[in-house]
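This report describes the fold, the cores and a few single residues of one protein chain. Please keep the structure in view while reading.

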Amino acid sequence: MNKKTKILTMFIGGCAIALPSMALAQEGALMSLGKAELRGEVESRYNSAVAATLDETVLRSTDSRYYWASETKVQCGIAMGFLKSGTKDADSVNKCEKFALRMVGDPLPPPPPPPPPPPVNEIQCAEQMPMYVYFDWDSATPPPDASATVSLIAENRAVCGWNAFSVVGHTDRSGSDSYNFPLSVERAQAVARMMEGAGISASSMTIDGRGETERKVETLDGERNPSNRRVEINTVPATR
């Protein structure tokens, strides 16, 4: 078999990903191919990326495989569109090749952890001061450090004159809209129950969920981000 077309099979989750050994060893080689051969190479990478984005193991992973598979699918799709009209678009072809390599062997570093809750001694009686409770992926269970945030609110509501609270849940973009909206509501309800347990009246709280529509950090669709998986608590002081 010719070295140029020799196939190397790698696995992403449960998917067998076939990429030419030449491309794995030398980035930038695709543009040297003729249009017919290039079309086959780009289509192979596109199909591998589509398979990876549909694989449950990849969808549930905490590394960057899903991100690079999504990017590969987009750029290879663009390159295929140009090739259908007889054009070799260098930008999309090179990105298709580069992202396919990242998909199988060059993961991004994990995202940074969410910021910790504010210390008790830094409380400020602002007219509206957002406080946050961050959640694990696909979870509506408040983490252990959520109790510190709730205690902070309960202990300072009298001195700050807080008599009304807005409790709003949010998600990242790793699920569908129809899944993320009820998840955001469940997160808000879970935090509200903690607040009620700390002595804050349920009648003083409004509870809402916004799904993935109000992101704290902008990301690609489907990307997980710990800063977006949150409940935001706004406190409103009493009218003086």
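The text goes from the overall fold to the cores, then to the disulfide and two aspartates.

**Overall fold**

The model is a predicted one. Its protein chain contains seven helices and six strands. In sequence order these elements give the pattern β-β-α-α-α-α-α-β-α-β-α-β-β. Of the 240 residues in the protein chain, 39% are buried. Among contacts in the protein chain with a separation of 6 or more, 74% are between residues 24 or more positions apart. The exposed surface of the protein chain comes to about 12500 Å², and carbon and sulfur atoms supply 53% of that area.

**A β-α-β unit**

Strand E4 (residues 162-169) and strand E5 (residues 205-209) run parallel and are joined by five bridges. Ser166 has Thr206 in E5 as its bridge partner. Together with helix H7 (residues 177-197), E4 and E5 form a β-α-β unit, and this unit is right-handed.

**Nonpolar cores**

The largest nonpolar core is made of 20 residues. Phe165, Val191, Met195 and Ile233 have the most contacts inside this core. At least two core residues come from each of strand E3 (131-134), helix H6 (146-160), E4, H7 and strand E6 (230-237). The element that gives the most is H6, with six residues.

Which residues does Met195 touch, leaving aside those up to four places away in sequence? They are Val150, Phe165, Val167, Ile200, Met205 and Ile233. Two of these names, Phe165 and Ile233, also appear with Met195 among the residues with the most contacts inside the largest core.

A second core, separate from the largest one, has ten residues, including Leu33, Leu38, Val42 and Met80.

**The disulfide**

How many disulfides does the structure hold? It holds one. This disulfide joins Cys76 to Cys96, with an S to S distance of 1.9 Å. A disulfide is a covalent bond between the sulfur atoms of two cysteines. The link of Cys76 and Cys96 is right-handed, with 85° about the S-S bond. Cys76 belongs to helix H4 (residues 65-84) and Cys96 to helix H5 (residues 90-105), so the disulfide ties together parts that are 20 residues apart in sequence.

Are the two cysteines buried or exposed? Cys76 counts as buried because its relative accessibility is 0%. Cys96 is likewise buried, with a relative accessible area of 0%.

**Two aspartates in loops**

Asp138 is found in the loop between E3 and H6. Although Asp138 is not a glycine, its phi is positive, at about 60°. Its relative accessibility is 36%, so Asp138 counts as partly exposed.

Asp55 sits in the loop between helix H2 (35-54) and helix H3 (56-59). Asp55 has a relative accessible area of 13% and is therefore buried, the cut-off being under 20%. Its C-alpha atom is separated by 9.2 Å from that of Tyr66, a residue eleven positions away along the chain.

The accessibility values for the four residues discussed are listed here.

| Residue | Relative accessible area | Class |
|---|---|---|
| Cys76 | 0% | buried |
| Cys96 | 0% | buried |
| Asp55 | 13% | buried |
| Asp138 | 36% | partly exposed |

Terms used. Residues are numbered from 1 along each chain as its sequence is written. This is a predicted model: local features need pLDDT of at least 70, side-chain atom pairs count only at pLDDT 80 or more; totals for chains, interfaces and linings use all residues. Side-chain values use heavy atoms; hydrogens and water are left out. A disulfide is a pair of cysteine sulfur atoms within 2.5 Å. Helices (H or I, at least four residues) and strands (E, at least two) are DSSP runs, numbered from the N terminus. Buried means under 20% relative accessible area, exposed over 50%, partly exposed in between (1.4 Å probe, protein chains only). Two strands pair if DSSP finds at least two bridges between them. A crossover is right-handed if, with the strands pointing away from the viewer, the path from the first strand over the helix to the second runs clockwise. Contact means heavy atoms within 4.5 Å. Accessible areas come from the Shrake-Rupley method with a 1.4 Å probe; for residues, only the protein chains shown count as cover. A nonpolar core is a set of buried Ala, Val, Leu, Ile, Met, Phe, Trp, Tyr and Cys residues joined through side-chain atoms within 4.5 Å.
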